[in-house]
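Biologist: Could you take me through one part of this model up close? I'd like to hear about the biggest enclosed space in there, and then whatever else you think is worth a look.

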Amino acid sequence: MTRLVLPDTDRVLSRQTGWSRKHWEVLADHLLDSLVPYFSPGASLVELPGRPSRSGTASDALEGFARSFMLAAFRIAGVQGKGCEDLIERYARGVANGANPDHPEAWLRLTPRSQQMVEAAAIAVSLHETREWIWDRLDPRAQEHVAEWLGGFNGSTTHDNNWRLFQVVSEQFLASVGAPYSQDDIDGGLDRIEDWYVGNGWYSDGDGQNFDNYIGWAMHLYPGLWARMAAATPGAQYEDRLKLYRERIRLFLEDAVYFVGNDGAPLYQGRSLTYRMAAAAPYWMGALLDSTPLTPGQTRRLCSGIARHFVQHGVPDERGVLTLGWYDTFLPTTQQYSGPGSPYWASKGFVGLILPPEHPVWADPEDSIPLDDADQQKAMPEPGWIVHASRHDQVVQLVNHGADHAPVAEPEGVEPAGDPHYNRLAYANHAGPDLSDHEPGIDNLISLVSPDGVASGRGRIRRLGVEGRTASSWHKAWLGDDGPWAIEVTSVVWNGWEIRCALVEGPEGAQVRSAGFAVAGDSLPEATSSTGAEVEDPAASARNADGLVSAVVGLHGYEAAAVHRAVGANPFGAHSATPYLTAPHHGRPLVLVNAVVLTRDAVRPQALAEGIDVVVTDTTVRIGLPGGHTPVIELGQSRLTG
């Protein structure tokens with residue numbers, strides 16, 4: 001396959017990224033052309049190499065077709081079909097053959113809660129956006145087959161999360177073409193997401209504290225796409241809901257503008273991160289709905305930055321294929337439902353191509369984003385986050401005291417296992433958690449560790465509050481069957497640092513371990529530590545070849561420091577290193593304070609320790625910060641009955 005060759009950068013139109021619409025079109029064409037060798041003879045399946053999903057290879061091949069069809073649809077619609085004749089023919093033939101139950105490449109039928117439902121929604125969206133060039137040109141029998149196949153949604157059951165929206169858009173497409181559908185299904189799905197709206201533009205993806213990328217590329221994307229379908233359906237009532245969705249995405253984008261570094265690197269947090277460029281979807285959707293706090297130049301700046309970032313890190317690969325991983329193939333980033341075609345939901349990040357070339361998001365000059373001009377910090381009480389970022393080193397950090405992706409209810413005495421994509425105290429855009437099936441997580445956790453090495457996790461997060469620069473929560477800690485104990489943490493964000501104040505219950509003889517970020521790269525990160533009886537403030541740091549430094553500095557109660565190394569455990573590189581601190585537990589509630597740093601600046605732990613004054617009285621922590629700021633943290637709010 002021919003390698004990706006992008007146009008020359010345009011620094012007049014796009015002074016920061018250099019990208020124009022032409023770059024997006026070339027990237028889209030490269031991704032689509034690179035899939036041609038993997039199409040089945042009848043063009044209804046895309047059979048990519050790689051680890052199969054739990055749904056099986058037949059579902060995976062449908063996934064490859066459906067998700068790439070969405071990319072093709074946005075490409076076709078944005079130029080009114082001009083120059084896309086091969087794409088139109090390929091996907092029209094694939095739709096006709098796949099929906100035909102008598103064809104050897106017929107798609108799996110839709111059954112309740114089946115993966116096919118996910119892919120059906122992509123096909124429905126794609127058929128709507130390309131109606132003039134594909135649906136309207138299908139012969140009547142092929143249209144009947146498609147309607148019958150999508151009709152598997154009618155009266156059926158989906159998973160009770162963003163999947164409800166797959167049913168909504170699929171049946172709305174059926175309504176728009178005069179095929180049988182259930183208005184109750186559509187209304188029921190749209191009503192259900194109201195139960196998950198928590199305010200200020202934020203949804204949870206289903207019951208619980210499910211806050212992640214899905215909020216932007218599903219909970220806001222599909223309602224907007226549904227409204228486009230409903231507008232094309234005679235007699236459909238959609239104006240009131242559309243007004244609501246427009247208001248909500250505007251509010252959401254007021255927070256989401258902080259999720260991307262000024263180099264385009266998005267935060268690594270949550271599931272399905274292998275969708276990569278899908279991170280751009282909510283910014284484009286705000287423009288599509290004409291409801292965004294961002295200027296057109298800011299919208300393109302953010303979206304082009306995201307796409308360019310992944311291209312600069314080897315995405316797609318030398319075959320032109322999107323692999324299962326973050327940059328390169330890295331299977332621990334994925335979930336069991338991720339098949340070889342799963343990464344092609346990167347297509348969602350290309351939804352801006354629907355907007356015509358003359359639209360301001362393509363025609364206006366790029367604008368600066370807030371992080372270009374000053375360091376940023378934003379409290380987000382709805383997901384339980386504080387996001388803070390440095391304009392100098394392009395590092396964005398997310399302090400997490402609210403998103404856990406835990407089941408809503410567990411049997412009494414059972415604590416959910418922590419998911420490393422949700423249970424860390426912090427995430428970032430240039431660092432990710434170590435992901436290993438062979439050893440417990442260390443990075444960005446405060447854990448109890450037994451004498452034989454068993455470590456507690458962080459499952460369900462019990463919120464205590466988010467306001468300004470401070471966020472608090474607690475969780476239950478178990479050592480095997482021993483426990484539970486409460487670990488309460490308050491984070492104070494200041495000047496790019498996070499100061500963690502912890503109140504830790506535990507058994508005598510255990511250790512408390514508090515770790516910072518894991519930094520990773522293709523070569524071994526440098527590691528340093530200062531520890532021992534003669535060291536008043538133990539500290540440790542790790543630095544990768546790109547100059548990214550992770551450091552932890554003990555400010556109260558910690559006695560030792562070290563660096564944990566791992567191989568093949570991190571999405572950002574083969575070698576990773578995590579600095580951490582330890583303190584012995586004597587069976588009484590223990591107050592501990594440390595600083596966590598992730599930066600490309602030089603870090604001098606001793607200077608950091610000397611510049612932060614900590615006084616602990618019982619469970620009250622007084623912190624003296626440079627500039628005369630003196631936050632007071634009252635620990636002891638956790639309750640094991642919570």
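Modeller: Sure, let's start in the middle of that space: Asp-212, Asn-213, Phe-259, Leu-267 and Ala-279 lie nearest the centre of the largest cavity, out of 20 residues that line it. Keep in mind that this is a predicted model. The volume of this cavity comes to about 280 Å³. As for the character of the wall, 15 of the lining residues are nonpolar, three are polar and two are charged. Several helices contribute to it: α8 (214-219), α10 (239-256) and α11 (281-288) each put at least two residues into the lining. If you search the whole structure, you get five cavities of 30 Å³ or more.

Now for something else, further along the chain numbering. There's an open sheet of eight strands, with antiparallel pairing, and the order runs β8-β9-β10-β11-β19-β16-β15-β14. The edge positions go to β8 (462-467) and β14 (526-530); each has a single partner strand, so one side of each has no neighbour in the sheet. On average, neighbouring strands here are turned by 20° against each other, ignoring direction. As background, strands in a sheet pair through backbone hydrogen bonds, in either a parallel or an antiparallel way. For one pair to zoom in on, take β10 (residues 482-494) and β11 (residues 497-504), which run antiparallel and are joined over eight bridges. In that pair, Trp-494 stands opposite Trp-497 of β11.

How values were computed:
Residues are numbered from 1 along each chain as its sequence is written. This is a predicted model: local features need pLDDT of at least 70, side-chain atom pairs count only at pLDDT 80 or more; totals for chains, interfaces and linings use all residues. Side-chain values use heavy atoms; hydrogens and water are left out. Two strands pair if DSSP finds at least two bridges between them. Helices (H or I, at least four residues) and strands (E, at least two) are DSSP runs, numbered from the N terminus. Axes are lines fitted to C-alpha atoms, for helices over the stretch in contact, and angles run from 0 to 180 degrees between N-to-C directions. On a 1 Å grid over the protein atoms alone, a cavity is a set of points where a 1.4 Å probe fits but cannot get out, and a pocket is an open set with protein on both sides within 12 Å along at least five of seven lines; lining residues have an atom within 4 Å of a point. Grid points are joined across faces, edges and corners, and a volume is the space filled by probe spheres set on the points. Ala, Val, Leu, Ile, Met, Phe, Trp, Tyr, Cys and Pro count as nonpolar, Asp, Glu, Lys and Arg as charged, and the others, Gly among them, as polar.
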